[in-house]
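Trainee: I'd like to get to know this one piece by piece. Please bring it up and let me fire questions at you.

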Amino acid sequence: MPRTKSPRQQQLEAMLLAPVDWLEERSGLVGGIKYFLFRKVPAETNWFHTLGSATLTAFIVQAITGVILAMYYKPDPDKAYDSIVHITNELTWGWLVRGMHRWGASVFIILLFLHMGRVFLFGAYKYPRELNWLVGVIILTMALMEGLTGYLLPWDQTSYWATVVAININANAPIAGPFIGDFLRGGTEIGPDTLARFYSLHMLLIPGALIGLILLHLYLVVRLGITPPPWTKSAAGYEPVENGRTVKQGLVEPKPRGNGNDAPPGTD
Ligand code: HEM
């Protein structure tokens with residue numbers, strides 16, 4: 001028998017839900033979040049599907065530790081190295097925050113490649129998810145640029161000479177190379193303008209672009225649904241058909257394509 005709530009409980013529940021209802025009526029946000037949390041994913045979803053969320057977690061750690069570092073870092077050739085030494089040796093937990101940001105950068109890139117590898121091996125880049133793959137490729141380029149621009153900031157011997165090499169490689173590209181070199185250096189030589197430029201790109205432009213692109217990426221994941229693994233009947237390229245229509249994935253109903261109605265190899 002369903003448990004009946006006392007009038008007092010009902011009153012309390014209505015009072016607690018009032019702000020939520022207010023927000024939902026004016027924005028539809030609550031319904032959207034509910035859809036996101038309780039939407040259907042393929043039954044065969046497995047650990048490989050967690051790599052995207054792991055990449056997102058690594059990005060969020062980078063954003064939080066980066067904001068803390070930016071409170072103490074000074075983008076000036078005379079002060080940059082000293083400010084890094086100050087963060088590492090004198091600030092409370094400074095060594096930890098800097099270490100998390102430095103090692104986290106590698107973790108982020110490694111997870112990005114693992115996630116991309118999973119998407120490739122599961123064929124998840126195929127119709128209708130080609131656009132999301134392209135968005136991912138731009139994210140990857142931006143993430144690598146973030147690594148390059150961040151590496152110069154400590155302004156020590158390693159970061160200085162590594163950046164000289166990286167800029168020279170770019171500057172040797174045919175036709176556009178010299179322009180890219182001048183743009184990255186902010187002139188003909190690496191100096192204060194290069195540091196200011198890399199700091200601005202590392203702190204503002206690239207993270208801003210990454211946040212926008214990741215939101216678009218996640219919107220497309222929710223809209224298009226998750227691709228089941230290749231060993232299942234509904235693997236990428238083999239959309240199951242019910243009553244003459246393809247089964248809805250996410251919020252869309254993909255059009256049947258090619259031999260889309262055949263069972264994938266090895267499942268019969
Ligand atoms: C900051 C970087 C990234 C984040 C935070 C991210 C996040 C996610 C998440 C949470 C998912 C859904 C769950 C999953 O499949 O793991 C996903 C799916 C997907 N991602 Fe990424 N991703 C990133 C980079 C990339 C890159 C570099 C590519 C490819 C070049 C890519 C292509 C895709 C595709 C095609 C899907 C759909 C997969 C499916 O339907 O099964 N993503 N991403």
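Trainee: Where is the place of W155?

Mentor: Quick heads-up: this is a predicted model, where local features need pLDDT of at least 70 and side-chain atom pairs pLDDT 80 or more, while totals for chains, interfaces and linings use all residues. Numbering starts from 1 along each chain as its sequence is written, and side-chain values use heavy atoms, with hydrogens and water left out. Helices are DSSP runs of H or I with at least four residues, strands are E runs with at least two, and both are numbered from the N terminus. Going by those runs, W155 is in the loop between helix 6 and helix 7 (157–171).

Trainee: What is unusual about the phi of W155?

Mentor: W155 is not a glycine, and its relative accessible area of 17% makes it buried (under 20% is buried, over 50% exposed, anything in between partly exposed, with a 1.4 Å probe and protein chains only). Its phi is nevertheless positive, at about 55°.

Trainee: And W93, is that one buried or exposed?

Mentor: W93 is also in a loop, the one between helix 4 (80–89) and helix 5. Phi there is near 60°, again positive in a residue other than glycine. With 56% relative accessibility, W93 is exposed.

Trainee: The peptide bond from Y127 to P128, is it cis or trans?

Mentor: Find P128 in the loop between helix 5 and helix 6. Omega from Y127 to P128 is near 0°, so to speak the giveaway value, and the bond is cis.

Trainee: How many helices and strands are in the protein chain?

Mentor: Start at the N terminus and read the elements off: α-α-α-α-α-α-α-α-α-β-β. That gives 9 helices and 2 strands.

Trainee: What share of the contacts in the chain links residues 24 or more positions apart?

Mentor: A contact here is heavy atoms within 4.5 Å. Take the contacts with a separation of 6 or more, and the part with 24 or more positions between the partners comes to 69%.

Trainee: Which element gives the largest share of the largest nonpolar core?

Mentor: A nonpolar core is a set of buried Ala, Val, Leu, Ile, Met, Phe, Trp, Tyr and Cys residues joined through side-chain atoms within 4.5 Å. This one has 18 residues, and F59, F108, L112, V135, I139 and L210 touch the most other members. Helix 3 (51–70), helix 5, helix 6 (130–152) and helix 9 each give two or more residues to this core. The largest share, 7 residues, is from helix 9.

Trainee: How many residues are in the other core?

Mentor: That core lies apart from the largest one. Among its members are I167, L184, F198 and Y199, and the count is 13 residues.

Trainee: Which residues does I139 contact, leaving aside neighbours within four places in sequence?

Mentor: I139 is one of the core residues that touch the most other members. With those sequence neighbours set aside, its partners are L112, L210, L213, I214 and H217.

Trainee: What does L140 contact, with the same neighbours left aside?

Mentor: L140 is part of helix 6, and its 11% relative accessibility makes it buried. Outside that four-place window, L140 meets L112, F113 and M116.

Trainee: Which residues coordinate the iron atom of the ligand?

Mentor: Donors are N, O and S atoms within 2.8 Å of the metal (3.2 Å for Na, K and Ca), and sites may look incomplete as water is not among the atoms. Two NE2 atoms coordinate the iron, at 2.0 to 2.1 Å, and they belong to H115 and H217.

Trainee: How far apart in sequence are the parts that H115 and H217 tie together?

Mentor: Both are buried: H115 has a relative accessible area of 17%, and H217 has 17%. Together they coordinate the iron atom of the ligand. H115 is in helix 5 (residues 94–121) and H217 in helix 9 (residues 192–224), so the parts they tie together are separated by 102 residues.

Trainee: Which arrangement do the 6 donor atoms around the iron make?

Mentor: For six donors, octahedral means opposite ones are over 155 degrees apart and all others between 65 and 115. The angles at this iron are 88 to 179°, so the arrangement is octahedral.

Trainee: Last one: is Q249 buried or exposed?

Mentor: Look in the segment after strand 2 (245–246). Q249 touches R129, R223, L224, G225, E239 and P254, not counting residues up to four places away in sequence. Its relative accessibility is 15%, so Q249 counts as buried.

Key
Tetrahedral: all angles 85-135°; square planar, octahedral: opposite > 155°, others 65-115°.
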